[in-house]
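Subject: Structure handover

Hello,

Here is the structure I promised to pass on. Please look through it, then read my notes below.

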Amino acid sequence: DLVILNNYKFDYIFHQAAISDTRIYDQELVMKTNVSSFFDLLEIAKKDDAVVVYASSAAVYGGLPSPQTEGTENPENPYGYSKYLMDKVAYNFQINNPKMKIIGLRFFNVYGPREYFKAKTSSMVVQLGHQILDGKVPRLFKGSDKIHRDFVYIEDVVQANIKACNPTTYKTGVYNIGTGIPRSFQEIADLLQKSLGTNLGTEYFRNPYKGYQMNTQANISSAQEHLGF
């Protein structure tokens, strides 16, 4: 509630909230939730002279070949497009308010503890891990040895947010946050089974999604140089 927020003065604003399900195609709902509300937070940050660190996403790259690099975007679903628009909003807002620090972090595939509440939007690591722990055969799309993601651990993402509060050389912009090392879905399932001491095999089914992102790999050179990530 903006009235409540205006009762406080912020030094830093971490904006992580969004509709993050890439399979929600209600464009009006996604844009209103992810983009329109961003304007309000930026105005609060301007009033308070606060640093803004917000969550962008690797979804802005769509099906572009790996490694993905800032400045080459091609979103292919409402969620990815909303994050791309947020990046544009942040850029224009900072141009008009040059003293502000607005940092966007393009998270790749984040995984870690306490994300199971996300259900179907939780990471493949968690979803496959719980299938195996329940004694079920892990289920993967056909051709999962050729579907790659840049999986990044939540503690590394937290560190990126902290470092973004005080950039080393460049005060604004968007930065990829990943490892730069892609892993296939098949490799993740096999590693989990090895770690959990199971040998359940794998069940495959047809990928029902069109425009599915087949490969992500973060070029993190900019984050390394400017954020010390």
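Phenylalanine 14 stands opposite valine 53 in strand β2. Phe14 belongs to strand β1, residues 12–15. Strand β2 covers residues 51–57, runs parallel to β1 and is joined to it by 4 bridges. Two strands count as paired here if DSSP finds at least two bridges between them. The side chains of β1 alternate. Ile13 and His15 point to one face and are buried, while Tyr12 and Phe14 point to the other and are not. Buried means under 20% relative accessible area, exposed means over 50%, and partly exposed is in between, with a 1.4 Å probe and protein chains only.

Some background before the rest. This is a predicted model, in which local features need pLDDT of at least 70, side-chain atom pairs count only at pLDDT 80 or more, and totals for chains, interfaces and linings use all residues. Residues are numbered from 1 along each chain as its sequence is written, and side-chain values use heavy atoms, with hydrogens and water left out.

The chain as a whole

The chain has 7 helices and 10 strands. These are DSSP runs numbered from the N terminus: helices are H or I with at least four residues, strands are E with at least two. The C-alpha atoms fill a box of roughly 55 × 35 × 30 Å along the principal axes. The radius of gyration is 19 Å, which agrees with the value near 17 Å for a compact globule of 229 residues. That radius is taken over C-alpha atoms, and the globule rule is 2.2 Å times the number of residues to the power 0.38.

Of the 229 residues, 41% are buried. Among contacts with a separation of 6 or more, 82% are between residues 24 or more positions apart. Contact means heavy atoms within 4.5 Å. The chain exposes about 12300 Å², and carbon and sulfur atoms supply 54% of that area. Accessible areas come from the Shrake-Rupley method with a 1.4 Å probe; for residues, only the protein chains shown count as cover.

As for charge, there are 24 positive and 23 negative side chains. The centres of the two sets lie 2 Å apart. Lys and Arg count as positive, Asp and Glu as negative; His and the chain ends are not counted. Each charge is placed at NZ of Lys, CZ of Arg, CG of Asp or CD of Glu.

The loop between β4 and α4

This loop runs between β4 (109–111) and α4 (124–133), and serine 123 is found in it. Serine 123 is buried, at 8% relative accessible area. Leaving aside neighbours within four places in sequence, serine 123 is in contact with Val110, Tyr111 and Glu115.

Arginine 114 lies in the loop between β4 and α4 too. It has a positive phi of about 65° although it is not a glycine. Arginine 114 counts as exposed, at 77% relative accessibility.

Lysine 118 is another residue of the loop between β4 and α4. At 32% relative accessibility, lysine 118 counts as partly exposed. Its C-alpha atom is separated by 9.7 Å from that of aspartate 21, with the two positions 97 residues apart along the chain.

Helix α4

Glycine 129 lies in this helix. It is buried, with a relative accessible area of 8%. Not counting residues up to four places away in sequence, glycine 129 touches Met124, Leu192 and Leu196. Asparagine 7 is 122 residues apart from glycine 129 in sequence and 43 Å apart in space, C-alpha to C-alpha.

Backbone points to check

Serine 66 and proline 67 are joined by a cis peptide bond, with omega about -5°. Proline 67 lies in the loop between β2 and α3 (78–96).

Aspartate 49 has a positive phi of about 55° and is not a glycine. It is found in the loop between α2 (27–48) and β2. Aspartate 49 counts as exposed, at 60% relative accessibility.

Threonine 169

This residue sits in the loop between α5 (154–164) and β8 (173–177). At 54% relative accessibility, threonine 169 counts as exposed. Threonine 169 touches Glu225 and His226, not counting residues up to four places away in sequence. Glycine 228 is 59 residues apart from threonine 169 along the chain, and their C-alpha atoms are separated by 9.2 Å.

Best wishes
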